[in-house]
Each structure stands twice: as C-alpha cells, then as structure tokens.
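I wanted to go through the packing of this chain, beginning with its core and then turning to cysteines and aromatic rings.

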Amino acid sequence: MQEQDVSTLTVETCFKGTNVQTAMKVDEVATRAALVAMITRTVKFVDANKTLSTPEEISLTINELLKTYPCFTLEDWRLCCYHMAKEVYGPYYERLKLAQFVECFAKYERVKAPIVQTIRDLERQDAERELKEAIRYLQPEYATQTNPQAARVSAPEWMRGEDRLTYTEREEMEKRAKQQKQ
C-alpha cells in the first residue's frame with residue numbers, strides 16, 4: 001500500500017480511493033496492518049492518559065469501525081485519523097478509546113455526506129447528458145416514422161449516411177409544414 005501525504009488529502013480524493021472492504025478481500029493482512037498503523041499513530045500522537053494500549057483493544061476498535069463504516073475508503077481512514085490528531089472533531093480530555101474513535105468517524109461521515117451527494121449528482125447529470133447525446137445520434141429527428149415527410153429515410157440508411165436530408169431539404173420541409181398549418 002502506497003503511503004501518501006495525508007495533509008494533501010481531501011474528501012473528494014478520498015471518495016475515489018480503495019474501499020476498505022475491497023482491500024480486506026484482496027489482501028487482508030496488509031490492509032489490517034495499515035489500519036493498525038493508522039490507529040496506533042493517532043493514539044501515540046494524541047497522547048491521552050486513558051487510551052488504547054493493548055493489541056486486543058486496537059483490534060476491537062478496528063473491527064467495530066469496519067463493521068460500522070464499511071463504505072469508507074483507506075484514504076477516508078487516513079484523513080479521519082489525521083483530523084483526530086489535529087483535534088478537528090474536538091478535544092479528547094485525556095481519553096481516546098473506542099467510543100471517541102466511533103464518534104470522530106461519525107462526525108467525519110456527516111462532513112463527507114453532502115460532498116459525496118454532490119459528486120453523485122454530478123455523475124448522474126453526466127450520465128443523463130451522455131444518454132441524451134447517444135439517443136440524439138441514434139434517432140435523428142428527420143429519420144423517424146413519426147415524421148411522414150421524412151419517412152422515406154429508414155434508420156439504418158440514416159446511420160450509414162445514405163439518403164440523408166441536406167440542410168436546405170430540412171428547411172424546405174419545415175417551411176411546407178408551417179404553410180400547411182396556416
């Protein structure tokens with residue numbers, strides 16, 4: 001696993017990272033070692049009197065966080081631990097146990113939610129735009145059965161480029177249609 005400078009991470013870049021559950025399936029030992037290192041660094045940096053001290057407590061914390069926040073990426077974990085070390089989520093008052101980790105991860109998830117929603121909305125808009133463009137090219141407006149004046153052109157011929165209407169033909173058809181309506 002590649003070590004990145006955590007101070008350059010943002011929620012947007014973390015969103016594009018490797019999901020923890022996927023990483024656990026691919027290489028559980030390396031992933032668990034990385035998570036243990038993140039938790040241990042945070043515990044050492046905060047230097048609280050009552051803190052995680054035994055491997056069992058660290059393992060319990062990691063298992064609980066994995067179960068509670070399965071959608072987090074490895075980068076989310078790194079950024080959240082970095083924010084905990086900076087006390088972004090508030091002071092710990094000489095106590096850094098499982099409850100404080102869960103509380104900080106919950107605060108991080110609340111911060112992350114609107115950003116992820118914005119990313120998803122943009123992805124949805126891009127997909128809709130691409131679909132409209134694809135449909136526009138697959139079903140040209142003057143090569144459909146609903147336009148009787150253009151019914152002489154079949155869709156496969158239109159796609160091959162044979163028998164396409166020129167710009168002037170299209171203008172003439174529109175003029176005739178307007179005249180017939182009047």
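My entries below follow that order, and I keep in mind throughout that this is a predicted model.

Core. I looked up the largest nonpolar core and found 35 residues in it, with Ile 39, Trp 77, Phe 101 and Phe 105 having the most contacts inside it. I then noted which elements give two or more residues to this core: helices H1 (11-15), H2 (20-26), H3 (28-46), H4 (55-68), H5 (74-85) and H6 (98-138). For Ile 39 I listed the residues it touches, leaving out those up to four places away in sequence, and obtained Leu 52, Ile 58, Ile 62, Leu 65, Trp 77, Cys 81 and Phe 101.

Cysteines. I searched for disulfides and the structure holds zero. The sulfur of Cys 80 has its closest cysteine sulfur in Cys 81, at 6.0 Å, which is too far for a bond, and Cys 80 is buried with a relative accessible area of 0%. For Cys 104 the closest cysteine sulfur is in Cys 80, at 6.3 Å, again too far for a bond; Cys 104 is buried as well, at 2%.

Aromatic rings. I counted five aromatic pairs. In one of them, Tyr 69 and Phe 105 have ring centres 5.9 Å apart and planes at 40°, so I entered the pair as tilted; it links the loop between H4 and H5, which holds Tyr 69, to Phe 105 in helix H6, 36 residues apart. Both residues of the pair Tyr 69 and Phe 105 are buried. Trp 77 and Phe 105 form an edge-to-face pair, with 5.1 Å from centre to centre and 80° between the planes, and this pair joins helix H5 to helix H6 across 28 residues. Finally, I recorded that Tyr 69, Phe 72, Trp 77, Phe 105 and Tyr 108 form one aromatic cluster.

Notes: Residues numbered from 1 in each chain as written. Predicted model: local features only at pLDDT ≥ 70, side-chain atom pairs only at ≥ 80, totals over all residues. Heavy atoms only, no water. Core = buried A, V, L, I, M, F, W, Y, C linked by side-chain atoms within 4.5 Å. Buried < 20%, exposed > 50% of the residue type's maximum accessible area, 1.4 Å probe, protein only. Helix = DSSP H or I, 4+ residues; strand = E, 2+ residues; numbered from the N terminus. Contact = heavy atoms within 4.5 Å. Disulfide = S-S within 2.5 Å. Phe/Tyr/Trp six-rings, centres within 6.5 Å; stacked < 30°, edge-to-face > 60°.
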